[in-house]
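Colleague: Please take a close look at a single part of this model, the nonpolar core, and then place it in its surroundings.

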Amino acid sequence: MILEGSDIQAHGSGNLVQTLLKHDLIDELWLLIHPLMLGTGNKLFADGTIRAAFNLIVSTATPGGVIVAHYKRATEVKTGIMRG
């Protein structure tokens, strides 16, 4: 059964994102990439990450340097070399 409703947003919770991916419940990702390093910490996509492919829909950079990237789920995971 598929329920239509509001979007679920997960802010900074790699465990929740991995659980949603495991159950095939993520169809879009909005990533905000900030230009700073804080040292050690939790990774959003850590060891044991469920494989999933996403296509970039649009990306932009804010005046402060934050990259906002919108991805939609792709049908299959493709691996290979990085293309520019």
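Modeller: A nonpolar core is a set of buried Ala, Val, Leu, Ile, Met, Phe, Trp, Tyr and Cys residues joined through side-chain atoms within 4.5 Å, where buried means under 20% relative accessible area. The model considered here is predicted. Its largest nonpolar core consists of 5 residues, namely Val-17, Leu-20, Leu-21, Ile-26 and Leu-29. The greatest contribution to this core comes from helix α1, residues 14–22, which supplies 3 residues.

Leu-29, a member of the core, also deserves attention for its contacts. Leaving aside residues up to four places away in sequence, Leu-29 touches Phe-54, Ala-69, His-70 and Tyr-71. Phe-54 in turn belongs to the lining of the second largest pocket, together with Ala-52, Ala-53, Asn-55, Ala-74, Thr-75, Glu-76, Val-77 and Lys-78. The volume of that pocket is about 170 Å³, and its lining comprises 5 nonpolar, 2 polar and 2 charged residues.

As to the wider setting, the protein contains 1 helix and 3 strands, arranged along the sequence in the pattern α-β-β-β. Of its 84 residues, 14% are buried. The exposed surface comes to about 7600 Å², with 55% of it supplied by carbon and sulfur atoms. Where contacts link residues at least 6 apart in sequence, 60% of them join residues at least 24 apart. The contact of Leu-29 with Tyr-71 is one that spans the sequence in this way.

Definitions and conventions
Residues are numbered from 1 along each chain as its sequence is written. This is a predicted model: local features need pLDDT of at least 70, side-chain atom pairs count only at pLDDT 80 or more; totals for chains, interfaces and linings use all residues. Side-chain values use heavy atoms; hydrogens and water are left out. Helices (H or I, at least four residues) and strands (E, at least two) are DSSP runs, numbered from the N terminus. Buried means under 20% relative accessible area, exposed over 50%, partly exposed in between (1.4 Å probe, protein chains only). Contact means heavy atoms within 4.5 Å. Accessible areas come from the Shrake-Rupley method with a 1.4 Å probe; for residues, only the protein chains shown count as cover. On a 1 Å grid over the protein atoms alone, a cavity is a set of points where a 1.4 Å probe fits but cannot get out, and a pocket is an open set with protein on both sides within 12 Å along at least five of seven lines; lining residues have an atom within 4 Å of a point. Grid points are joined across faces, edges and corners, and a volume is the space filled by probe spheres set on the points. Ala, Val, Leu, Ile, Met, Phe, Trp, Tyr, Cys and Pro count as nonpolar, Asp, Glu, Lys and Arg as charged, and the others, Gly among them, as polar.
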